Amino acid sequence: MRGKVKAIYHCDVRNNHPLNYVTTAPFDAITSSFCLEVACTNEKEYLQALKNVVSMLKEGGHFIQVASVEESFYRVGDVNWAALSLQENRFREALTEAGLELESWHRIRRPDNVLERESDYSGCIIAVATKKTGL
C-alpha cells in the first residue's frame, strides 16, 4: 500500500472544496472509514459532505465507505462523541443521491461483546460504489 499512496491531504468534508483549494487531478479511489457520520450533525449535512467528497472522484472512480449504522455516540476513553445515527437504507440512498452506483454492500452485525456504554451502534456497513459518468 505504501508504494501506491502518492500523497496525504488535509480534508474538511463539510467544505464545498474539501481540500481547501489544493489542486489535484480527480482521484481514482477515495475511502471514508467512520468519518462522514461523525463529521455531520444531520442528514442534510451528511449528504452534502458525501457530495463534496464525491466531487473529487474521477468518473468511474471508486468510493469505499465503512460506517456505523444507527450510532448516536461512541466512547473514547472517558469522553462520549456524537455520531449521526443513520439507518442502513439511508446510507444506500445517499450514495445514489451523490451520483454513485453501488457495486457491493456488506453488513456486519454488532458483536455481542461490545458494551452499551462504548457505543449504541447496531452494526457496520462496508460499501463500494462507482462514480457515474456524466456528472
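Q: Where in the chain is the place of Ile125?
A: In this predicted model, Ile125 belongs to strand E6.

Q: How do you know whether Ile125 is buried or exposed?
A: Set its value against the cut-off: buried means under 20% relative accessible area. Ile125 has 0%, so Ile125 is buried.

Q: Which residues is Ile125 in contact with, leaving aside its neighbours within four places in sequence?
A: To be called a contact, heavy atoms must come within 4.5 Å. By that test Ile125 is in contact with Gln65, Val66, Ala67, Val69, Glu88, Phe91, Trp105, His106 and Arg107. Glu88 is worth a second look: its C-alpha atom is 7.7 Å from that of Ile125, and the two residues are 37 residues apart along the chain.

Q: What makes Gly123 count as buried?
A: Gly123 sits in strand E6 as well. Its relative accessibility is 0%, and the limit for buried is under 20%, so Gly123 counts as buried.

Q: Which residues is Gly123 in contact with, beyond its neighbours within four places in sequence?
A: Its partners are Ala67, Ser68, Val69, Arg107, Ile108, Arg109 and Arg110. Ala94 is not on that list; the C-alpha atoms of Gly123 and Ala94 are 18 Å apart in space, with their positions 29 residues apart in sequence.

Q: Why is Thr130 called buried?
A: Thr130 is another residue of strand E6, which covers residues 123–131. Its relative accessible area is 15%; that is under 20%, so the word buried applies.

Q: What makes the link between the side chains of Thr130 and Glu103 a polar contact?
A: A polar contact needs a pair of N or O atoms within 3.5 Å, one able to donate a hydrogen and the other to accept it. The contact joining the side chains of Thr130 and Glu103 is 3.2 Å, so the distance passes. Not counting residues up to four places away in sequence, Thr130 touches Gly60, Gly61, His62, Gly99, Leu100, Glu101 and Glu103.

Q: How do you know whether Ser32 counts as buried?
A: Let's move to strand E1, where Ser32 has its place. Its relative accessibility is 6%, and buried means under 20%, so Ser32 counts as buried. Residues that Ser32 touches, not counting those up to four places away in sequence, are Phe63, Ile64, Gln65 and Val66.

Q: What about Leu36: does its relative accessibility make it buried or exposed?
A: Leu36 lies in helix H1, which spans residues 36–39. With 1% against a limit of under 20%, Leu36 counts as buried. Leu36 touches Val13, Tyr46, Ala49, Leu50, Val53, Phe63 and Gln65, if residues up to four places away in sequence are not counted. Ser119, 83 residues away along the chain, has its C-alpha atom 17 Å from that of Leu36.

Q: Why is Asn20 called exposed?
A: Asn20 is in the segment before strand E1 (27–33). Exposed means over 50%, and Asn20 has a relative accessible area of 54%, so Asn20 is exposed.

Q: And what makes Tyr21 exposed?
A: Tyr21 is also found in the segment before E1. Its relative accessible area of 59% is over 50%, so exposed is the right word.

Q: What do Asn20 and Tyr21 show in their phi angles?
A: Most residues other than glycine have a negative phi. Asn20, though not a glycine, has a positive phi of about 55 degrees, and Tyr21, not a glycine either, has a positive phi of about 70 degrees.

Q: How do you know whether the radius of gyration of the protein chain agrees with that of a compact globule?
A: For 135 residues, a compact globule would have a radius near 14 Å; the protein chain has 15 Å, so the two agree. The C-alpha atoms fill a box of roughly 45 × 35 × 30 Å along the principal axes, and buried residues make up 35% of the 135 residues.

Q: How many helices and strands does the protein chain have?
A: There are 3 helices and 6 strands, and along the sequence they follow the pattern β-α-α-β-β-β-α-β-β.

Q: How many positive and negative side chains does the protein chain have?
A: Lys and Arg count as positive, Asp and Glu as negative. That gives 16 positive and 18 negative side chains, with the centres of the two sets 5 Å apart.

How values were computed: Residues are numbered from 1 along each chain as its sequence is written. This is a predicted model: local features need pLDDT of at least 70, side-chain atom pairs count only at pLDDT 80 or more; totals for chains, interfaces and linings use all residues. Side-chain values use heavy atoms; hydrogens and water are left out. Helices (H or I, at least four residues) and strands (E, at least two) are DSSP runs, numbered from the N terminus. Buried means under 20% relative accessible area, exposed over 50%, partly exposed in between (1.4 Å probe, protein chains only). The radius of gyration is taken over C-alpha atoms; the globule rule is 2.2 Å times the number of residues to the power 0.38. The place of a charge is taken as NZ of Lys, CZ of Arg, CG of Asp or CD of Glu.
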